[in-house]
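Hi everyone, thanks for making time this morning. I'd like to walk you through a structure, so please have the viewer open and follow along.

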Amino acid sequence: MVVNSLKEGLRDGGREGRICLTSATILSLSVYISAMAFGVSLLVITLSAVVTSGRSLKVLKAFFPFYVFFVITAIFFGFQVVKNLLAFMAVISAGALIYATNIKEVTGALLYLKIPQKVVSMVSLAISMLPLLVSDFNNMREIHNAKSIRGYYKLLKAFTSTTILRAISTSESLYSKSFSYKALGELRQPEIKDIVVFLLSLLILIYAISLEVSIWTPSST
Amino acid sequence: MIEFSVRSYFYPNGSLGLECFSEKFEGCEFLEGETGSGKTTVLRMMNGLIPEFYGGKLDGFIRAFGKKPNPRDIYYIKQNPEEMVTCLDVIDEVAYPSIQQGKKVSEAKRDAEEVCEEVGIGHLVDRKTYEISTGELQLVEIAAAITSGSKFIVLDEPFAYLSRRNALRVIRIIRDLKHVVSEHRIEFEKYFDRTVSLGLEIKSIGIPETEKGDVVYNGILELREGEVVAITGDNGAGKTMMLKEIAKDMRKKGINFSLFLQHPPYHLTENTVEKEVEGVNREIVTAFGLEGIKNRHPQSLSSGQMRRVAIAKAFKAKILLLDEPSAAQDVNFRKKLVYLLRKFGKTAVIATHDEELVRYCDWRVELW
């Protein structure tokens with residue numbers, strides 16, 4: 001489910017790459033600065049869902065097994081865990097903001113931020129391999145029909161070795177394509193909608209800071 | 001021109017890759033040979049993958065256009081085009097090698113668009129590489145090779161996963177380029193100027209007629225015990241999908257079967273070949289040539305050998321669902337496969353492009 005939803009993210013979105021990358025960072029920071037406040041987490045989840053046209057919610061759904069883990073933990077550690085769970089979902093939603101753009105614009109944004117070409121080309125290649133790995137994983141699930149721990153073990157073993165062999169094949173292809181670490185990226189002018197997303201992210205950050213400041217400011221009484 | 005004078009080549013793990021091979025390739029050559037005869041090794045030597053990338057011990061020399069082979073002059077296209085993919089967009093994929101060679105991105109993309117039009121895949125430029133069929137992806141990789149300005153194109157079993165129609169389309173496109181094609185589907189040999197053989201003996205194997213038993217599956221198809229059925233159709237017609245649907249239905253009905261899909265490593269989960277084929281009749285193991293490699297790790301084998309191990313493993317079940325089992329296998333394998341299926345009374349559904357293999361099946365389902 002997680003792998004499938006990652007592939008889902010490869011479909012292009014309409015937002016500008018640099019805006020999405022910075023907004024994702026700002027929103028993650030907001031959750032952290034606000035000490036995982038309910039309001040901030042909810043705002044981040046909502047904004048991401050709106051900007052990605054609901055695709056971030058699909059990613060959240062993919063992480064369902066982790067929520068079960070949180071619920072079990074809540075039995076021992078109480079209500080605080082729910083707050084942590086919401087913050088966890090908010091951070092995933094912030095990351096999923098990348099789904100609102102396309103991969104070429106993300107690599108373009110990384111190059112714009114002066115991340116070395118070598119790193120960017122590696123990121124871009126890893127993403128390009130994703131559809132193949134997703135289809136490999138789905139095919140292996142059909143073959144091994146894992147229903148027991150031993151079945152899952154076999155599936156994992158086959159997936160690991162297939163991934164390694166695919167990586168070797170890809171490096172062979174890179175040699176044949178005279179690979180020289182040049183990364184492909186795209187940049188364009190942000191539209192008004194993009195700027196609105198950025199401003200809303202900034203507002204959430206300001207709200208998060210204000211919450212923290214109000215906790216640390218001594219009351220006058 | 002590519003000139004070979006190789007006395008021997010050993011891969012880093014010590015296995016012999018090629019021995020006593022002297023040849024001159026001028027272009028438009030068809031390279032044939034049995035599985036494991038060294039065809040892929042020859043192709044990898046043409047652009048320097050061997051020994052530059054793989055290492056190993058080479059005794060002899062290879063010269064491409066009078067100098068040491070390099071990927072800029074000789075473009076190597078792998079058997080499975082999915083493993084060549086480096087970009088998500090078709091246009092980037094076609095322009096990628098030129099960009100890596102130092103061409104400006106805008107210039108490379110303009111050239112890529114022109115080449116795509118020439119090759120007849122202009123309609124694909126706005127598509128994603130993971131959305132198009134294997135046949136189309138093969139053409140995309142050929143377009144990338146042309147855009148890169150390589151002097152020579154080397155294709156490793158390009159027709160393995162292609163329908164006859166798509167294979168002929170590829171032949172038409174590469175006709176004007178200098179190329180070498182290594183292939184097991186020898187029915188295409190006549191379209192090339194010259195054949196270079198690494199040793200291929202076509203064996204005569206008699207396929208026994210068998211009595212068909214009761215119906216063992218009645219769902220998407222009706223299958224009788226001992227029946228061998230072929231599913232055919234163009235690339236993207238849905239052969240693999242149909243096989244998977246049958247598998248799903250059989251699973252629901254509690255029928256024991258084994259499913260073999262195109263990529264052999266999916267099936268290999270043990271540490272030795274012997275463990276993989278445990279419980280399989282020794283005659284099958286011997287017929288597939290697995291006796292000599294029974295102590296090897298399955299993932300260390302060549303792709304052809306891995307495929308044989310995975311198919312032999314599938315013989316554990318009474319019903320076999322096989323997707324392109326004859327790809328990357330020499331001409332004798334298809335007869336051997338049907339012979340063994342008949343001899344051991346197996347029921348099989350085979351999705352394939354291989355018309356020769358279809359001839360030995362009881363009946364076929366043609367998908368449109």
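**Two chains, domain by domain**

Let's begin with chain A, which is divided into domain 1, covering 1-102 + 186-221, and domain 2, covering 116-184. Before going further, please keep in mind that this is a predicted model. The C-alpha centres of those two domains of chain A lie 28 Å apart.

What is chain A built from, in helices and strands? It has 10 helices and zero strands, so if you read along the sequence you get α-α-α-α-α-α-α-α-α-α, by the way helices and strands are assigned here. Along the principal axes, the C-alpha atoms of chain A fill a box of roughly 70 × 50 × 25 Å. Of its 221 residues, 47% count as buried. Now look at the contacts in chain A between residues at least 6 apart in sequence: 83% of them join residues at least 24 apart.

Two residues in chain A deserve a click. Most residues other than glycine have a negative phi, and most peptide bonds are trans. Ser53(A) has a positive phi, near 55 degrees. You'll find Ser53(A) in the loop between α3 (38-51) and α4 (55-62) of chain A, and with a relative accessible area of 66% it is exposed. The other one is Tyr181(A), with a positive phi near 65 degrees. Tyr181(A) sits in the loop between α9 and α10 (192-216) of chain A, and it is partly exposed, at 34% relative accessible area.

Over to chain B. Here the division is into domain 1 (2-197) and domain 2 (215-367), and the C-alpha centres of these two domains of chain B lie 28 Å apart. How many residues of each domain are in contact with the other? It comes to 19 residues of domain 1 and 18 residues of domain 2.

**A cavity in chain B**

Searching the whole structure turns up one cavity of 30 Å³ or more, and its volume is about 80 Å³. Why do we say that the cavity lies between the two domains of chain B? Because domain 1 (2-197) and domain 2 (215-367) of chain B both give residues to its lining. That lining has 13 residues, and the ones nearest the centre are Ala160(B), Arg185(B), Ser326(B), Ala327(B) and Asp354(B). By class, the lining consists of three nonpolar, four polar and six charged residues.

**A covered helix**

Next, find helix α3 (residues 90-100) of chain B. Is it covered or open to the outside? It is mostly covered, with 11 of its 11 residues buried. Among them are Val90(B), Asp92(B), Glu93(B), Tyr96(B) and Gln100(B). The cover comes from both chains: it includes α7 (103-112), α8 (117-144) and α9 (149-176) of chain A, together with β5 (74-77), α4 (105-119) and α5 (134-147) of chain B. After α3(B) comes Gly102(B), whose phi is positive, near 110 degrees.

**Two arginines and a cis bond**

Let's compare two arginines. Arg44(B) lies in helix α1 (residues 39-46) of chain B, and at 15% relative accessibility it counts as buried, because the cut-off for buried is under 20%. Leaving aside neighbours within four places in sequence, Arg44(B) is in contact with Glu172(A) from chain A, and with Tyr11(B), Leu49(B), Ile50(B), Tyr54(B) and Tyr76(B). Arg172(B), by contrast, is exposed, with a relative accessible area of 58%. Arg172(B) lies in helix α6 (residues 164-174) of chain B. From Arg172(B) to Tyr191(B) is 19 residues in sequence and 9.2 Å in space, C-alpha to C-alpha.

While we're at Ile50(B), notice the bond that follows it: a cis peptide bond joins Ile50(B) and Pro51(B), with omega about 5 degrees. Pro51(B) itself is in helix α2 (residues 49-53) of chain B.

**And the cysteines**

Last stop, for anyone planning to ask. How many disulfides are there over all chains? The count comes to zero. Take Cys87(B): it is in no disulfide, and the nearest cysteine sulfur, that of Cys116(B), is 12 Å away. Two sulfurs need to be within 2.5 Å to count as a disulfide. Cys87(B) is buried, at 6% relative accessible area, whereas Cys20(B) is exposed, at 66%.

That's my tour; thanks for listening!

Conventions: Residues are numbered from 1 along each chain as its sequence is written. Chains are lettered from A and ligands numbered from 1 in the order in which they are written. This is a predicted model: local features need pLDDT of at least 70, side-chain atom pairs count only at pLDDT 80 or more; totals for chains, interfaces and linings use all residues. Side-chain values use heavy atoms; hydrogens and water are left out. Domain bounds come from an automatic or database domain assignment. Buried means under 20% relative accessible area, exposed over 50%, partly exposed in between (1.4 Å probe, protein chains only). On a 1 Å grid over the protein atoms alone, a cavity is a set of points where a 1.4 Å probe fits but cannot get out, and a pocket is an open set with protein on both sides within 12 Å along at least five of seven lines; lining residues have an atom within 4 Å of a point. Grid points are joined across faces, edges and corners, and a volume is the space filled by probe spheres set on the points. Ala, Val, Leu, Ile, Met, Phe, Trp, Tyr, Cys and Pro count as nonpolar, Asp, Glu, Lys and Arg as charged, and the others, Gly among them, as polar. Helices (H or I, at least four residues) and strands (E, at least two) are DSSP runs, numbered from the N terminus. Contact means heavy atoms within 4.5 Å.
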